[in-house]
Amino acid sequence: MNPVGTAASDAASEISHDQVPADPPAAGGETGTNETGMDAAAFAALLGEIAEFRDTIVAPGVARWEDDKRMAPEALRAASTLGLLSLEVPAELGGLALTFAQKCRVVEVLSAVSMPFAFSLVNTANIAARVARLGTAAHRERYLSDLMAGRRFGSTALTEPGAGSDFANIATTATRVDGGWRLDGAKAWITNAALSDIVICYAQTEPDARSRGIAAFLVDGTRPGFERLAPYALAGGHLIGTGGFRLDGYVAEHDDLIGAPGDAFVAAMSSVNGARTYVAAMCCAMTQATLAGAVRYGTVRKAFGAPLIGHQGLAWKLAGVQNRLEAARLLTDRAIEAVSESLRAGDASGAILPAAHAKKFAAETAEADIAACIQAMGAEGLRSSYPWGHHLVAARIANYVDGSSEIQTDRIARSLRELYAGGSHSS
């Protein structure tokens, strides 16, 4: 359900910090950095346009799209008129050339209404960025304009029916043949799979090689050998378009190999830091939006002669939400800074822990605190006219995507001995 598989773990047994290449390609679109991005005034104006788009196009459609259990290609195409499917594509290729921090701000604004829509959008934008930076001239000619205009959609495919957290155990195979590589296997829990047909697909080139044999291929879903599976019926979040596909004798040309065996795995595990960080930003946006709604309702709704917000029990509960939101934002800001620095330096190691802390805390607290805000509104909070239920399901999803909360906990736990056992930190 995410750019690098449902549970793309750090895979400690497969990768160490000194394996991270100097300038790794990225599974989720963090393929480099636009050094300056958009200037502050222009970016502020863009955010205003995005907020208007969100409120006039996305907000009125969310309930209908979820009832229909479908993605919203018409809204994604509308978003393309603002350049939102080309967030990190270089300006010379027609993109917005945003920095990573600006990208996080964009998806945060969208997530105040629908994190699943923002997640779907950023996945196509990520593929556009990868095609722009890593693809050949022929790839850019064939795919880039369609991705940026929302005529075609993108996915990154790691997760399989039998391989989630243990990404190195993927069973999809890539076998050398005349003209390129033959790909065979199945992918599952893939974002945008309901509609996408430009896919970065990971496959094993050497049996039993685990991470050393994993390569990345640019797959065109309109070619023979690609079979789309039915989208998954879920509890919610259908705007993400979660589903899968099969490859049966699909032939990828030599130039479609965009991540060499071994390097592709390292890059995927490195670039997940960026995805975890923007998921944390999305969670902050959902929590803040729901909290604001609860406070507004508590201000006008009266009980026992006073506004609800005037009762200490409810006010303190919402104060706790605000307190945790402040902490989540600080962790997310720190992760954004760390990822941005890692892109400048070409070294992902310094972003691993900040991203894990931000995603774990922001996702876990979002789920609990959105529920608390709904509870503070009483039964009124259940009305479908509010997006709170949509946010609650999305917060649950956030605890799975780009490495589950358990994976983040494990990543943090594995750092403890290095942090404290050497006695460098005082008690």
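Aspartate 248 counts as exposed, because its relative accessibility is 59%. Keep in mind that this is a predicted model. Aspartate 248 has its place in strand 7, and its C-alpha atom is separated by 8.7 Å from that of alanine 186, a residue 62 positions away along the chain.

The side chain of aspartate 248 also meets that of arginine 182 in a salt bridge, at 3.9 Å from N to O. Arginine 182 lies in strand 3 and aspartate 248 in strand 7, so this pair ties together parts that are 66 residues apart in sequence. What about the exposure of arginine 182: buried, partly exposed or exposed? Its relative accessibility is 36%, so arginine 182 counts as partly exposed.

**More salt bridges**

The structure holds 21 salt bridges. Here are some of them, with the closest N to O distance.

| Acid | Base | N to O distance |
|---|---|---|
| aspartate 197 | arginine 152 | 3.0 Å |
| aspartate 248 | arginine 182 | 3.9 Å |
| glutamate 253 | arginine 223 | 3.9 Å |

Take the pair of aspartate 197 and arginine 152, whose side chains meet at 3.0 Å. This pair links distant parts of the chain, 45 residues apart: aspartate 197 is in the loop between strand 3 (180–190) and strand 4 (198–204), while arginine 152 is in the loop between helix 5 (137–149) and strand 1 (154–157). Both of these residues are buried.

Strand 7 turns up again with glutamate 253, which forms a salt bridge with arginine 223. Here the partners are 30 residues apart, with arginine 223 in the loop between strand 5 (214–220) and strand 6, and glutamate 253 in strand 7. Arginine 223 has a relative accessible area of 18%, so it is buried. Glutamate 253, at 39% relative accessibility, counts as partly exposed. There's also a network: Asp68, Arg70 and Glu74 are joined by salt bridges that share partners.

**Rings**

A search of the whole structure turns up 5 aromatic pairs. One of them involves strand 7 too: the ring centres of phenylalanine 226 and phenylalanine 245 are 4.8 Å apart and the planes are at 25°, so the pair is stacked. Phenylalanine 226 belongs to strand 6 (residues 226–228) and phenylalanine 245 to strand 7 (residues 243–253), so to speak of sequence, they are 19 residues apart and the pair links distant parts of the chain. Both phenylalanine 226 and phenylalanine 245 are buried.Then there's the pair of tyrosine 386 and tryptophan 388, with ring centres 5.6 Å apart. Why does this pair count as stacked? The planes of the two rings are at 10°, under the 30 degrees that stacking requires. The partners have their own exposure classes: tyrosine 386 counts as partly exposed because its relative accessibility is 24%, and tryptophan 388 counts as buried because its value is 4%.

A charge over a ring shows up as well. Arginine 396 lies over the face of tyrosine 400, at 5.0 Å from the ring centre.

**Pocket and cavity**

The largest pocket holds about 410 Å³ of space. Its lining is made up of 21 residues, and Val62, Ala63, Glu66, Ser384 and His390 lie nearest the centre. Helix 1 (40–67) and helix 9 (388–398) are the elements that give two or more residues to this lining. Which of the elements gives the most to the pocket lining? That's helix 1, with 5 residues. By class, the pocket lining divides into 10 nonpolar, 7 polar and 4 charged residues.

How many cavities of 30 Å³ or more does the structure hold? There is 1, and the space in the largest cavity comes to about 40 Å³. Helix 6 (263–300), helix 7 (312–345) and helix 8 (352–376) are the elements that give two or more residues to its lining. Among the residues that line this cavity are Cys283, Cys284, Val321, Arg324, Ala362 and Asp369. The lining of the largest cavity has 7 nonpolar, 2 polar and 2 charged residues.

Notes:
Residues numbered from 1 in each chain as written. Predicted model: local features only at pLDDT ≥ 70, side-chain atom pairs only at ≥ 80, totals over all residues. Heavy atoms only, no water. 1 Å grid on protein atoms, 1.4 Å probe; cavity = no way out; pocket = protein on both sides within 12 Å on 5 of 7 lines; lining within 4 Å. Points joined across faces, edges and corners; volume = space filled by probe spheres on them. Helix = DSSP H or I, 4+ residues; strand = E, 2+ residues; numbered from the N terminus. Nonpolar A, V, L, I, M, F, W, Y, C, P; charged D, E, K, R; others polar. Phe/Tyr/Trp six-rings, centres within 6.5 Å; stacked < 30°, edge-to-face > 60°. Buried < 20%, exposed > 50% of the residue type's maximum accessible area, 1.4 Å probe, protein only. Lys NZ or Arg CZ within 6 Å of the ring centre and 35° of its normal. Salt bridge = Lys/Arg side-chain N within 4 Å of Asp/Glu carboxyl O.
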